[in-house]
Amino acid sequence: MKQFIWYQGYEGMNNKTAWIREYFIITLGTLIAAAAIFFFMLPSHVAVGSLSAFVMVLTNFIPVSVSVLTLIFNIALLIFGFVMIGKEFGGKTVYTATLLPIFLGVFERLFPDNQSLTGDPFLDMLGYVFVVSIGMAILFHNNASSGGLDIVAKFLNKFFHIELGTAVTAAGLVTALSAAFVYDAKIVFLSVLGTFLNGVILDYFIMGINPKKRICIISKKEEDVIRFLLDDLHCGATLYHAFGAYDRQERTEIITIVNRAEYAKLLDQLYKIDPKAFVTVYSVSEVMNHYTARIAK
C-alpha cells in the first residue's frame with residue numbers, strides 16, 4: 001500500500017532525497033514566517049501573540065536587535081523545554097528555532113530602513129496573520145514548529161493540565177497585551193484581534209494543505225468497491241459488520257480515508273459500480289500512523 005511504502009522510507013532513513021526535501025520545506029516555512037515578522041509585524045508594531053512580538057516590545061527597553069533577542073530567548077526556551085518537558089523537543093524544533101533569528105538577521109542587514117508596506121497598522125496586521133499562517137501551517141504539516149511560545153504552551157499543558165489550544169491562546173494574549181506598555185490602545189486592540197485571527201486562519205491553512213475525507217460506503221457490490229480502493233486508488237480500507245434497523249439485513253460497511261483527488265475518483269467510480277450505494281462523507285483534520293504518532297510524542 002502507498003502509505004506503508006511512505007512510512008518504510010522514513011523509518012529506515014534510507015531515503016536521503018525525502019529527508020532533504022522535508023528539511024527544504026521546513027526551511028521554506030521558516031523563511032515565510034520570518035518574512036511575515038520582518039515586513040509586516042515589526043513596521044506596524046502590532047504585537048500578534050508570538051515570541052517575536054514579545055521581543056519587539058522588549059527592544060523598546062533593551063538596545064538589542066530583534067534577531068539577537070529572538071535567538072537568546074529561543075535558546076533559553078529550548079533549554080527550558082528539554083529540562084522541564086523532555087524529549088519531545090527534537091532536531092526540527094532546534095533547527096527552526098535557530099533558523100528563524102538567522103533569517104531575521106539577514107533581513108535586518110538587507111533592509112536596514114524597513115518601513116510598512118501598506119502604511120496602515122490594520123492592513124499590516126492582516127498581512128502578517130495571512131503570511132505567517134502559511135509558514136506555520138507548512139511547519140506543522142511537517143511535524144515542526146518555530147519553538148518560542150509553543151514551548152511555553154506545552155509546559156502549561158503538562159504541568160497545569162491546560163488544553164494545548166487554550167495554552168497557546170493564553171500565551172499569545174499575554175504577549176499581545178504586553179504592547180500596552182509601549183504602544184497606544186489602537187495597537188493593543190489590533191494585537192489582541194490579530195492573535196485570535198492568527199489561530200483561526202492557521203487552522204484553515206492546516207486543514208487546506210492536505211485535506212482528507214473519511215468515506216463510509218454500504219453497497220451491494222462491496223467486492224467491486226474494495227477492489228477499486230485497493231488496486232486502483234491504492235488506499236487501505238476497514239470493514240465493519242452493519243445491521244439495518246429497517247429491514248434487519250446484515251451488510252458490510254467499507255471505511256476509507258482519501259485525499260481530495262482520490263475522493264473525486266472514488267465518487268465517480270462508485271456511480272459506475274453501484275449508483276444506489278449509501279455513502280457518508282466526513283472531513284478529517286488529522287491522520288496519524290505509527291511514524292507520525294511517534295514524532296508527536
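Axes here are lines fitted to C-alpha atoms, for helices over the stretch in contact, and angles run from 0 to 180 degrees between N-to-C directions. With that in hand, let's look around this structure, which is a predicted model.

**The overall picture**

The chain has 297 residues, and 41% of them count as buried. Its secondary structure comes to 12 helices and 4 strands. How do contacts spread along the sequence? Take the contacts between residues at least 6 apart in sequence: 74% of these join residues at least 24 apart.

**Where H3 meets H4**

Helix H3 covers residues 51–58, while helix H4 covers residues 66–84. The two pack at an angle of about 125°, and their axes are 9 Å apart. What do we call an arrangement like that? Angles over 145 degrees count as roughly antiparallel and those from 65 to 115 as roughly perpendicular, so H3 and H4 end up oblique to each other. As for handedness, the crossing of H3 and H4 is right-handed.

Which residues do the touching? On the H3 side you'll find Leu51, Ser52, Phe54, Val55 and Leu58. Facing them from H4 are Val66, Leu69, Thr70, Phe73, Asn74 and Leu77. Sorted by character, the residues of this H3 with H4 contact give 8 nonpolar and 3 polar, with no charged ones.

**Two histidines with a positive phi**

Most residues other than glycine have a negative phi. Two histidines are worth a look on that score. Histidine 45 has a positive phi of about 65°, and histidine 234 has one of about 55°. Where do they sit? Histidine 45 lies in the loop between helix H2 (16–44) and H3, just as histidine 234 belongs to the loop between helix H10 (222–232) and strand S2 (238–243). Histidine 45 is partly exposed, at 36% relative accessible area. Histidine 234 is partly exposed too, at 43%.

**Cysteines and disulfides**

A disulfide is a covalent bond between the sulfur atoms of two cysteines. How many does a search of the whole structure find? The count is 0. Buried or exposed: which word fits cysteine 216? Its relative accessible area is 3%, and under 20% means buried, so cysteine 216 is buried. Cysteine 235 has a relative accessible area of 1%, so the word for cysteine 235 is buried as well.

Here are the four residues from the last two sections side by side:

| Residue | Relative accessible area | State |
|---|---|---|
| Histidine 45 | 36% | partly exposed |
| Cysteine 216 | 3% | buried |
| Histidine 234 | 43% | partly exposed |
| Cysteine 235 | 1% | buried |

Note on methods:
Residues numbered from 1 in each chain as written. Predicted model: local features only at pLDDT ≥ 70, side-chain atom pairs only at ≥ 80, totals over all residues. Heavy atoms only, no water. Parallel < 35°, antiparallel > 145°, perpendicular 65-115°, else oblique. Left-handed = near helix turned anticlockwise from the far one by under 90°. Contact = heavy atoms within 4.5 Å. Nonpolar A, V, L, I, M, F, W, Y, C, P; charged D, E, K, R; others polar. Disulfide = S-S within 2.5 Å. Buried < 20%, exposed > 50% of the residue type's maximum accessible area, 1.4 Å probe, protein only.
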